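Q: Please take one part of this model and look at it closely. Then follow the side-chain contacts and the backbone from there, with the values for each residue.

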Amino acid sequence: MEATGIEEESGMMSGFDRIMGGDGRVVLLNLCFSGEVDGERRHFNACLDPQGVVTVRPIAEHSLLSLPHPDKVFSDLEVIDPGASFWENNWTIHLREIQNVNYDHASIPVYLMENGTLVPLDRVSTVSAGSPVFYLSICKVATPDVVVTTEHGSGAGIQSRGGEYIVIFTPGELKKTSYTRA
């Protein structure tokens, strides 16, 4: 907040990647966010590299308002996972946007994150959504294996181990989709 001048209560998140190595070290922490600065919404990228160096830079404006304040999303995840395993070794957390995608619980476990609880969903479709839908993917990874470069910077690529991958929607984002509860 200090580096950007954003008024904290106006903060919103549009992208998040957190990859932890098996030894508990941060391989990549990347946050795309926006907020009000002198009455104008501005967009930024903050990245923490494995050496502990944080860089913050402005990025091109996004047309999407994004998810609520990061504190709300992360506090909900902490309630869901009181043992904090999502925040430790080999787990990755990504915030992404999608459109025209169908999820089936038989293939990928998909949930609604509601009041600190994961509610199983049978099916979610973003095909009829009028705009991209944000979701969280949480997966257990083997070892970060390659460096991936995106418009927001570079970091370690991942290879997921089967059976340890879930997709989570917040209530506001799920409303944009068609879905059935399990």
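**A loop residue and its surroundings**

A: Asp 38 counts as exposed, at 74% relative accessibility. Here exposed means over 50% relative accessible area, buried means under 20%, and partly exposed lies in between (1.4 Å probe, protein chains only). The model is predicted: local features need pLDDT of at least 70, side-chain atom pairs count only at pLDDT 80 or more, and totals for chains, interfaces and linings use all residues. Numbering starts from 1 along each chain as its sequence is written, and side-chain values use heavy atoms, with hydrogens and water left out.

Asp 38 sits in the loop between strand S2 (26-37) and strand S3 (40-48). Strands (E, at least two residues) and helices (H or I, at least four) are DSSP runs numbered from the N terminus. The backbone of Asp 38 stands out in one angle. Its phi is near 55 degrees, a positive value in a residue other than glycine.

Asp 38 also belongs to a charged group. Together with Glu 7, Glu 8 and Glu 9, Asp 38 forms a negative surface patch. Patch members have over 30% relative accessible area and no salt bridge; like charges are joined within 9 Å, nonpolar side chains (Val, Leu, Ile, Met, Phe, Trp, Tyr) within 5 Å. One of the patch members is Glu 8, in the segment before strand S1 (12-20). Glu 8 is partly exposed, with a relative accessible area of 43%.

Now the start of strand S3, which covers residues 40-48. Glu 40 and Arg 42 meet through their side chains in a salt bridge, 3.9 Å from N to O. A salt bridge is a side-chain nitrogen of Lys or Arg within 4 Å of a carboxyl oxygen of Asp or Glu. Glu 40 is partly exposed at 45% relative accessible area. Arg 42 is partly exposed too, at 33%.

How many salt bridges does a search of the whole structure find? It finds four. Among them is the bridge between Asp 17 and Arg 96, whose closest N and O atoms are 2.6 Å apart. This pair links distant parts of the chain: Asp 17 is in strand S1 and Arg 96 in strand S5, 79 residues apart. Asp 17 is buried, at 10% relative accessibility. Arg 96 is partly exposed, with a relative accessible area of 33%.

Follow strand S5 (91-98) to its end. The loop between strand S5 and strand S6 holds Asn 100. Asn 100 has a positive phi as well, near 60 degrees, and is a residue other than glycine. It is exposed, at 53% relative accessibility.

Beyond that loop come the rings. The count of aromatic pairs is four. Tyr 103 and Phe 169 make an edge-to-face pair, 6.0 Å centre to centre, with 70 degrees between the planes. Tyr 103 lies in strand S6 (residues 102-104) and Phe 169 in strand S12 (residues 160-169), so this pair ties together parts that are 66 residues apart in sequence. The rule covers rings of Phe, Tyr and Trp (its six-membered ring) with centres within 6.5 Å; planes under 30 degrees apart count as stacked, over 60 as edge-to-face and the rest as tilted.

Are these two residues buried or exposed? Tyr 103 is buried, with a relative accessible area of 8%. Phe 169 is buried at 0% relative accessibility. Phe 169 also pairs with Tyr 135: this pair is tilted, 6.2 Å centre to centre and 40 degrees between the planes. Tyr 135 is in strand S9 (residues 133-141) and Phe 169 in strand S12, so named parts 34 residues apart are linked. Both Tyr 135 and Phe 169 are buried. Ring pairs thus join Tyr 103, Tyr 135 and Phe 169 into a cluster.

After strand S12 (residues 160-169) the chain reaches helix H2 (residues 171-174). Glu 173 forms a salt bridge with Lys 176, at 3.1 Å from N to O. Glu 173 is buried, at 7% relative accessibility, whereas Lys 176 is partly exposed at 30%. Leu 174 lies in helix H2. Leu 174 is buried, with a relative accessible area of 2%. The C-alpha atoms of Leu 174 and Tyr 111 are separated by 9.6 Å, and the two residues are 63 residues apart along the chain.

Definitions and conventions
Accessible areas come from the Shrake-Rupley method with a 1.4 Å probe; for residues, only the protein chains shown count as cover. Lys and Arg count as positive and Asp and Glu as negative; His and the chain ends are not counted. The place of a charge is taken as NZ of Lys, CZ of Arg, CG of Asp or CD of Glu.
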